[in-house]
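Subject: Structure handover

Hello,

Please find below the structure I said I would pass on. My notes on it follow.

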Amino acid sequence: MNRTAFTVVVSALLFALIGVTQSAWAAGPGAPHLDGGSMGLIWVVPFVGMLLSIAVFPLVAPHFWHHNFGKISAVWALLFLVPFTLVYGFELALFEVIHVLFLEYLPFIILLLSLFTVAGGVRVKGYLAGTPAVNTGILLIGTVIASWMGTTGAAMLLIRPLIRANEERKHKVHTMVFFIFLVANIGGSLTPLGDPPLFLGFLKGVSFFWPTTHMFLPMVCVSVVLLVGYYVADSILFAKERKAGSQVGLPNSDEKPHPLGIEGGVNILLLGGVIAAVLMSGVWKPGIAFHLYHVDIQLQNVVRDLLLLGLAVLSWKITSIESRRANGFSWFPIVEVGKLFAGIFMTIIPAIAILKAGTDGALEPIVSLVSHEGQPVNAMYFWATGILSSFLDNAPTYLVFFNTAGGNAELLMTDMAATLLAISAGAVFMGANTYIGNAPNFMVRSIAEERGIAMPSFFGYMAWSGLILLPLFVVVTFLFFL
């Protein structure tokens with residue numbers, strides 16, 4: 001294990017040993033409280049600055065950005081944290097830092113590290129031609145399995161085989177973009193395992209198969225349109241490449257002797273272990289907790305994170321370094337995501353607090369749109385949840401609107417099923433609108449760029465999603481929410 005890999009894994013393990021976990025931390029009696037209703041939108045400036053840095057620096061100063069993105073992320077985090085400490089006091093600032101670090105960021109990076117390491121050990125051997133049929137087939141498979149192994153797991157499992165299949169292709173960007181649309185987002189619609197917002201709904205009392213039965217038709221409609229659209233577009237580009245004399249679709253000399261197969265298949269079993277560990281933390285409630293600085297550390301979450309890190313270490317140990325190298329595996333994507341999302345999770349604190357304040361906060365105009373004369377406006381629930389999920393963490397955004405709709409899972413699953421569907425679809429579908437809308441989006445971009453694919457900029461990607469996804473979401477609105 002090289003130095004960077006060792007640092008990432010050991011650091012995550014040390015944090016896990018002291019109880020780092022996504023839902024392990026709950027505010028205890030006497031905990032400081034941040035009133036989002038008292039905060040103006042000026043507090044969101046560091047978060048906006050963080051997003052603009054991700055969008056602009058790679059375009060205007062790529063070399064500087066490549067070597068300093070971690071420092072830039074830290075600067076924006078401090079530009080929020082220092083004024084916040086001065087205005088609200090050290091105790092509240094410390095509590096918020098601990099809360100976001102242990103409740104949001106570290107469990108996020110532990111799960112991502114585990115999936116990245118385990119899925120990175122699965123290598124498709126032999127020649128896989130990047131034809132329209134093969135590419136569409138990979139997108140279809142990824143869309144189908146994303147709901148059962150998570151969008152991050154499916155994306156990490158299939159992104160490298162897809163890149164290798166298209167090494168001879170001139171036009172690759174559209175394939176990566178549709179991969180993010182389908183595998184990294186929309187495919188995770190059918191179970192709580194698919195996407196974090198649905199898992200939060202499961203923890204709040206929504207039955208496991210409620211998304212399967214209610215999200216199925218909207219998910220299929222969107223997926224079919226995107227898959228057909230991709231196949232048509234890729235076929236046109238493929239024909240142009242062939243006409244220009246490209247050898248795309250023909251195996252190169254290095255791949256011809258090797259039949260198609262899988263190396264490191266044991267990692268697929270380890271992926272199942274990752275899924276089981278996450279599901280265990282949601283259904284096993286031993287009632288044992290440890291207390292530290294106004295927060296409760298639940299035993300099931302400590303166990304989950306230790307299992308995730310153990311699976312990552314096991315995968316690293318049993319998979320040959322040569323196989324990982326042949327698979328194009330490196331630690332840079334997880335390091336990049338880790339540094340950038342540290343700044344995002346820190347600067348997002350006031351945005352989430354303001355949103356949680358509901359009609360008492362600075363985002364009151366948005367929150368007020370979701371109801372009219374005491375009745376839910378489902379179309380607005382879909383768009384409000386979706387747009388905010390595109391830029392904020394889609395899991396707490398889902399939870400905010402879940403509670404805005406009453407927070408009663410039984411009522412939402414029955415009499416208000418259309419409202420719950422609107423919230424769920426908005427959080428899952430529109431995570432595809434930006435690179436930061438869902439965890440695997442940025443990871444896919446980073447892996448693709450490391451393999452030499454010139455991915456769109458932050459705003460460039462939004463142009464893709466705006467032209468392709470937003471009109472499709474308008475159709476979804478008319479079909480299901482009006």
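Thr 397 touches Leu 355, Thr 385, Leu 388, Ser 389 and Leu 392, leaving aside residues up to four places away in sequence; contact here means heavy atoms within 4.5 Å.

Some background before the rest. The model is predicted, so local features need pLDDT of at least 70 and side-chain atom pairs count only at pLDDT 80 or more, while totals for chains, interfaces and linings use all residues. Residues are numbered from 1 along each chain as its sequence is written, and side-chain values use heavy atoms, with hydrogens and water left out.

Helix H18 and its surroundings

Thr 397 lies in helix H18, residues 394–404. Helices are DSSP runs (H or I, at least four residues), numbered from the N terminus. Thr 397 counts as buried because its relative accessibility is 0%; the term means under 20% relative accessible area, with a 1.4 Å probe and protein chains only. H18 as a whole is mostly covered, with eight of its eleven residues buried. Those are Asn 394, Ala 395, Pro 396, Thr 397, Tyr 398, Val 400, Phe 401 and Phe 402. They pack against H15 and against helices H8 (196–203), H17 (378–391), H19 (409–413) and H20 (417–429). After H18 comes Gly 406, with a positive phi near 120°.

Helix H15

H15 spans residues 349–356 and is mostly covered too: seven of its eight residues are buried. The buried ones are Ile 349, Pro 350, Ala 351, Ile 352, Ala 353, Ile 354 and Leu 355. Leu 355 is also among the residues that Thr 397 touches. Just after H15, Gly 358 has a positive phi of about 60°.

Helix H21

Asn 441 belongs to helix H21, residues 439–450, and Pro 440 is in H21 as well. Asn 441 is at 0% relative accessibility and therefore counts as buried. Pro 440 counts as buried because its relative accessibility is 0%.

The side chain of Asn 441 reaches the backbone oxygen of Thr 434 at 2.9 Å. Again leaving aside residues up to four places away in sequence, Asn 441 touches Ile 180, Ala 184, Asn 185, Gly 431, Ala 432, Thr 434 and Tyr 435. On the same basis, Pro 440 touches Thr 151, Thr 152, Ala 155 and Ala 184. Ala 184 is thus named for Asn 441 and for Pro 440.

One distance to add: the C-alpha atoms of Pro 440 and Glu 167 are separated by 21 Å, and the two residues are 273 residues apart along the chain.

Regards

Methods:
Helices (H or I, at least four residues) and strands (E, at least two) are DSSP runs, numbered from the N terminus. Buried means under 20% relative accessible area, exposed over 50%, partly exposed in between (1.4 Å probe, protein chains only). A polar contact is a pair of N or O atoms within 3.5 Å; within protein, one must be able to donate a hydrogen and the other to accept it, and residues adjacent in sequence count only if both atoms are side-chain atoms.
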